[in-house]
Amino acid sequence: SIGLTSHHISGMDSRIRPATRIYECFVEVARPRDNEDAQIKYVYPKDYVWEVDTKRQLPKFVFPNKFVNEQEEHFTFVLTDLDGKYRFGFCRYPPGGGDVAMCFLSDLPWFKVFYQAMDKIRDLRLDHQGEVVEPFLAGFRNHSLPMANDSVISILPEAIDVGQVFTFALPDLRKLPEIPADVNLSSLYTSLHHNVILHLFANMIFERRIIITSSRLTSLSAVMHGAVLLLYPLYWQHIFIPITPLHLIEYCGAPMPYLIGVHSSIMEKIRHLLNDAVIVDVDEDSLESPYTEDLNAIPADVIANLKRVLKKRNTGYGDNLAKAFMLAQVAMLGGYRSSLKQKQDDKGLMFDEESFLKSRPNMEEFLQSLLQFQHFRQFLNSRIDAITKCNQKEKDVFDCELLAYEEGLKGKFSSEQLKGAFDKALKSSKKMGDKFQKHAKNIVHKIMEHDMPEFSGGGGGGGGSRGGTFDRGG
């Protein structure tokens, strides 16, 4: 089938690999000191069988540099396998520059769940219940994978009667990510000006070399993971390093598209590598780019409607920000289904490029560029594979929205219909937006400090001189 109906849908284009258990292992890593590297001090389960080189690499990702932040941090790094699939490393630094960090390795993109699980381990130790930690870890790891309809996971510590059940709310993988429930999209939305977000989106569409930097790993990680959500139903197909350790900084000079997160303390070490890279500074809320034309190359009505949603800060809550960007993709990718033709030998489908270009003559130049990008090619391969295997019986949220457009306009798209769809999304979100806006400062503070409240619902391209800087002044 096409897969889970969400921003985590599975398919050839997705970078999420199928999970076989809740998490692979839990580790505690000691901070590097002087000339000593970071060291793994504890592993659960004790007999965990490491994949090649992971045990040696992991401490370097948990402590990507020797900068000591006195604030508590939650962040997520990514290990990429030979097939380009991700394994996530969810980390927690203790406040006060503590010496030992926690980390869960998992194939599940459950950011909030694992952050809260590490906070629970901290709480158990503070409450003098350290003996419950391993039974909790055992119950958590051995718990069966949840079904699609499950909204919570309840963990019963194994081999000990403590009279406690630990319950965590699960992300709904059948829906678009929501603000403020999704900590990554929330951080992106509250940290960056709408002009910065729009230019970042355009630079990702055009597969540029992109650096995101911050002095806080919490913010850096969240904005990195939040940014790729804007591409749905496309997926970033190139180098993706949300948290870059010192030994990998040479990747910043790679002559290919990338999306790399760099702590601000090491930015000066890599400046000489970034001649034609886009640089997003989260702390300064700014973007430097030699590719200012990327935004202008995207159809003007698409950008105008996105800007309307982003500028009205109380309209992005719930799933409305994610839906706005998905509607933008509907406008840009719409017509792909009608361009899938039966092969002459009747063995499968093929993509008719000429038909696709003619489907929206008003944006033919942009569509011609789109055909060259790897994320679009992978998207087509995945959709053809899904349609062939499931005979179109299952569709994700993107295709459902796209079919509504095609049904209404018989395959022809208009600026007015796109504007109407955005207006509908804005209208439906107004009450929710007003409600959240009243408490926005408190919500943002809790997200950034990861004292997370509970909520219902859930490059290519050649070089060039640096073309412009975008910040809150624009």
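The protein exposes about 20,500 Å², with carbon and sulfur atoms supplying 50% of it (Shrake-Rupley areas, 1.4 Å probe). This is a predicted model, where local features need pLDDT of at least 70, side-chain atom pairs count only at pLDDT 80 or more, and totals for chains, interfaces and linings use all residues. Residues are numbered from 1 along each chain as its sequence is written, and side-chain values use heavy atoms, leaving out hydrogens and water.

Of the 474 residues, 58% count as buried (under 20% relative accessible area, 1.4 Å probe, protein chains only). There are 16 helices and 15 strands in the protein (DSSP runs: H or I of at least four residues, E of at least two, numbered from the N terminus).

Now for one open sheet: five strands in the order β2-β1-β5-β4-β3, with antiparallel pairing (pairing takes at least two DSSP bridges). Its edge strands, β2 and β3, each pair on one side only. β1 and β2 pair over five bridges, and Val27 has Val43 in β2 as its bridge partner.

Helix α3 packs on this sheet, touching β1, β2 and β5 (contact means heavy atoms within 4.5 Å). Here are its two angles, taken between N-to-C directions of lines fitted to C-alpha atoms, from 0 to 180 degrees, with helices fitted over the stretch in contact.

| Pair | Angle |
|---|---|
| α3 (133–142) and β2 | about 65 degrees |
| α2 (111–126) and α3 | about 160 degrees |

The axes of α2 and α3 lie 10 Å apart. That angle makes α2 roughly antiparallel to α3 (over 145 degrees). Among the residues that meet are Phe114 and Ile121 in α2, and Phe136 and Phe140 in α3.

Methods
Buried < 20%, exposed > 50% of the residue type's maximum accessible area, 1.4 Å probe, protein only. Parallel < 35°, antiparallel > 145°, perpendicular 65-115°, else oblique.
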